[in-house]
Amino acid sequence: MSSPIQLNIKFASYLSLASTSGVTVAVNAVQSALSTLPPSLLINLQFPFISPPSASSSSSSSSSSPPPHLSALPWTTLQRLLSTLYGAATTTLLRQNRPLVKVDITIDYLRQLPICVPDGVQLKSIVVDESPGDSEPEPTSGGGKLEEYEVVALGGTFDHLHPGHKILLTMSAAITTERIIVGVTDPTLLTHKKYANLVQSIEDRIEAVREFLELVRPGIKHDVVPISDIYGPTSSDPTIQAIVVSDETRQGGDA
């Protein structure tokens with residue numbers, strides 16, 4: 001049986017990250033890693049051209065400009081990358097008839113901590129360079145930038161945590177600097193949900209969300225709580241500065 005794989009994908013520049021050719025190289029790497037039929041795959045994205053938080057506010061002693069902060073990235077550039085890689089992994093696993101294989105994506109900048117690679121895990125690494133035909137994207141292209149907030153909230157059912165959930169949680173964590181609040185719908189909100197009897201227990205769903213946040217953004221506080229109405233803590237916590245919604249949770253966010 002094949003061993004679990006950690007795949008490090010280093011994007012050499014913003015251009016390699018934003019270009020179609022760069023994303024294609026990353027997709028090919030994911031498909032290649034899954035071709036060996038590993039029981040799990042952890043993809044660690046590395047952006048060396050982005051400064052860590054401590055460097056973003058420090059003065060530069062040289063004449064060269066400091067690396068940009070993560071907030072310089074357009075929201076949709078990062079979202080597109082996560083969606084494309086999770087989508088490529090899901091499609092590959094479905095073709096292999098292995099849809100339950102666990103795939104997670106981390107971003108080294110967000111973690112700010114090295115990932116411990118256990119014994120028996122295969123470590124693979126690639127570098128995505130710029131291609132000759134790539135053109136410099138406009139600084140504001142790709143949607144709004146990743147504005148940061150001290151306290152961010154979101155909510156959902158989070159049943160059998162899937163790529164859509166993981167993208168939502170990662171993007172929310174990416175704009176959070178201190179505390180992220182995740183409301184997980186308890187059974188009282190699921191009485192009219194289709195196939196509610198197949199939904200995981202509230203305890204299992206909360207634990208899955210908490211474990212994923214610990215993986216992708218361990219440096220902030222995670223408040224993962226059950227909610228019995230569509231508002232959750234957003235109706236009573238005045239420290240919340242931003243609410244992140246998906247198409248499914250937009251109604252509650254608008255309220």
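Begin by selecting strand β5 (residues 149-156) together with β6 in this predicted model, where the two strands pair in the parallel sense over seven bridges. To check the register, pick V152 and look across to its bridge partner in β6, which is I180; A153, in turn, stands opposite I181 of β6. If you then follow the chain from β5 through α6 to β6, you trace a β-α-β crossover that is right-handed.

Next, keep β6 (residues 176-185) selected and colour its residues by relative accessibility. Eight of its ten residues are buried, that is, under 20% relative accessible area, so the strand is largely enclosed by the rest of the structure.

From β6, extend the selection to strand β7 (residues 221-227), which pairs with β6 in the parallel sense, again over seven bridges. V184 is a convenient residue to label here, since its bridge partner in β7 is P226. The path by way of α7 is worth displaying as well, for β6, α7 and β7 make a right-handed β-α-β unit.

Now show the whole sheet: four strands form an open sheet with parallel pairing, and their order is β7-β6-β5-β8. The edge strands are β7 and β8 (242-243), each of which pairs on one side only.

The next stop is the second largest pocket, whose volume is about 610 Å³. To centre the view, select K102, H160, L161, H162 and K166, which lie nearest the centre of this pocket among the 22 residues that line it. Which helices and strands each supply at least two residues of the lining? They are α4 (75-95), β3 (102-107), α6 (163-174) and α7 (202-216), and two of these helices have already appeared on the tour, α6 in the crossover from β5 to β6 and α7 in the unit with β6 and β7. Colouring the lining by residue class shows 13 nonpolar, four polar and five charged residues.

Finally, move to helix α1 (residues 14-18) and select S16, which is found there. Is S16 buried or exposed? Its relative accessibility is 0%, and S16 therefore counts as buried. Display its side chain and two polar contacts can be examined: the side chain of S16 reaches the backbone nitrogen of A12 at 3.3 Å, while the backbone oxygen of V128 lies 3.3 Å from a polar atom of the side chain of S16.

Terms used. Residues are numbered from 1 along each chain as its sequence is written. This is a predicted model: local features need pLDDT of at least 70, side-chain atom pairs count only at pLDDT 80 or more; totals for chains, interfaces and linings use all residues. Side-chain values use heavy atoms; hydrogens and water are left out. On a 1 Å grid over the protein atoms alone, a cavity is a set of points where a 1.4 Å probe fits but cannot get out, and a pocket is an open set with protein on both sides within 12 Å along at least five of seven lines; lining residues have an atom within 4 Å of a point. Grid points are joined across faces, edges and corners, and a volume is the space filled by probe spheres set on the points. Ala, Val, Leu, Ile, Met, Phe, Trp, Tyr, Cys and Pro count as nonpolar, Asp, Glu, Lys and Arg as charged, and the others, Gly among them, as polar. Buried means under 20% relative accessible area, exposed over 50%, partly exposed in between (1.4 Å probe, protein chains only). Two strands pair if DSSP finds at least two bridges between them. A crossover is right-handed if, with the strands pointing away from the viewer, the path from the first strand over the helix to the second runs clockwise. A polar contact is a pair of N or O atoms within 3.5 Å; within protein, one must be able to donate a hydrogen and the other to accept it, and residues adjacent in sequence count only if both atoms are side-chain atoms.
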